[in-house]
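Hi,

Here is the structure I promised to pass on. Have a look at it first, and then read my notes below.

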Amino acid sequence: MSFWEYLGSRRERLVFETWQHASMVFQTVLVALVIGLLAGIAVYRSERMAAFATSTAGVLFTIPSLALLGLLITPLGLGVAPSVVALTLYSLLPILRNTIVGLSGVDRTLVDAARGIGMTRTAVLLRIELPLAWPVILTGVRVSTQLAMGIGAIAAYVNGPGLGEQIFSGLARLGGANAINMTLAGTLGIVLLALIFDGCFMLIGRLTTPRGIRA
């Protein structure tokens, strides 16, 4: 069976697994964005706290994916839960680090001027610092998404959802019928999703970045 014939015969299953993979990545990156953004806002004014938060996220990031997924089986079991937790932890570092870098890089004279005209610290954060830091933060989100997209394939190791099932099944059947087709379908599907997500984030960046910063 050719690759195109395989795609045609497994179309519904492949579409379903592609949707699962995209949904899993989107949800985990969204959760990581909320956690990373809040943590970055909480610590960016203190170099010591920022370094501690970044180092902690960095330690989690260095844990091998298979090892982390395996360790999560005991408390969370198999399936969606360990997959989502692992991807969220891996997605956290780029977002947290870029949030801290972006907020720390805002010109202090602008902040002082805003405080000088009576703006509260919260107002300065929401109206000055976050808009100026947003392009850097969004870059971290894009990096996290690409990481989650690839690592998400390994979630099949714990019966996680997504296209990793195609890759793992294909590799387990190497030499058998459709083994290459299965592996190729899963791999190309993830690459295509990664390109689509990155294009969407580029569009979001253009729509949400203030024109003066974009220029």
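Before the notes, one term: a helix here is a DSSP run of H or I with at least four residues, and helices are numbered from the N terminus. Also keep in mind that this is a predicted model.

Let's start with the big picture. UniProt, in an unreviewed entry, places the feature "domain: ABC transmembrane type-1" at residues 33–201. Over that stretch the chain is 80% helix and 0% strand. The C-alpha atoms at its two ends are 13 Å apart.

Now for the charged side chains. How many salt bridges does the model have? The count comes to 4. I'll walk you through some of them.

One of them sits within a single helix. Arg13 and Glu17 both belong to helix α2, which covers residues 11–43. They are 4 residues apart, about one turn of the helix. Their side chains form a salt bridge, with 3.2 Å between the closest N and O atoms. Is each partner buried or exposed? Arg13 is partly exposed, at a relative accessible area of 45%. Glu17 is buried, at 4%; the cut-off for buried is under 20%.

Next, go to Glu129. This residue is buried, with a relative accessible area of 1%. Which side chains does Glu129 meet in salt bridges? One is Arg45, at 3.9 Å from N to O. Glu129 lies in helix α7 (residues 121–151) and Arg45 in the loop between α2 and α3, so this pair ties together parts that are 84 residues apart in sequence. Arg45 is partly exposed, with a relative accessible area of 43%.

Arg108 is another partner of Glu129, and here the N to O distance is 3.2 Å. This pair also links distant parts of the chain: Arg108 is in helix α6 (residues 108–116) and Glu129 in helix α7, 21 residues apart. Arg108 counts as partly exposed, at 37% relative accessibility.

Put those two pairs together and you get a network: Arg45, Arg108 and Glu129 are joined by salt bridges that share partners. If you open the model, try finding Glu129 in helix α7, and then look for Arg45 and Arg108 as its salt-bridge partners.

Have fun with it, and write back with any questions.

Cheers

Definitions and conventions. Residues are numbered from 1 along each chain as its sequence is written. This is a predicted model: local features need pLDDT of at least 70, side-chain atom pairs count only at pLDDT 80 or more; totals for chains, interfaces and linings use all residues. Side-chain values use heavy atoms; hydrogens and water are left out. UniProt positions are given in the numbering used here, feature names are shortened, and annotations may be inferred rather than shown by experiment. Buried means under 20% relative accessible area, exposed over 50%, partly exposed in between (1.4 Å probe, protein chains only).
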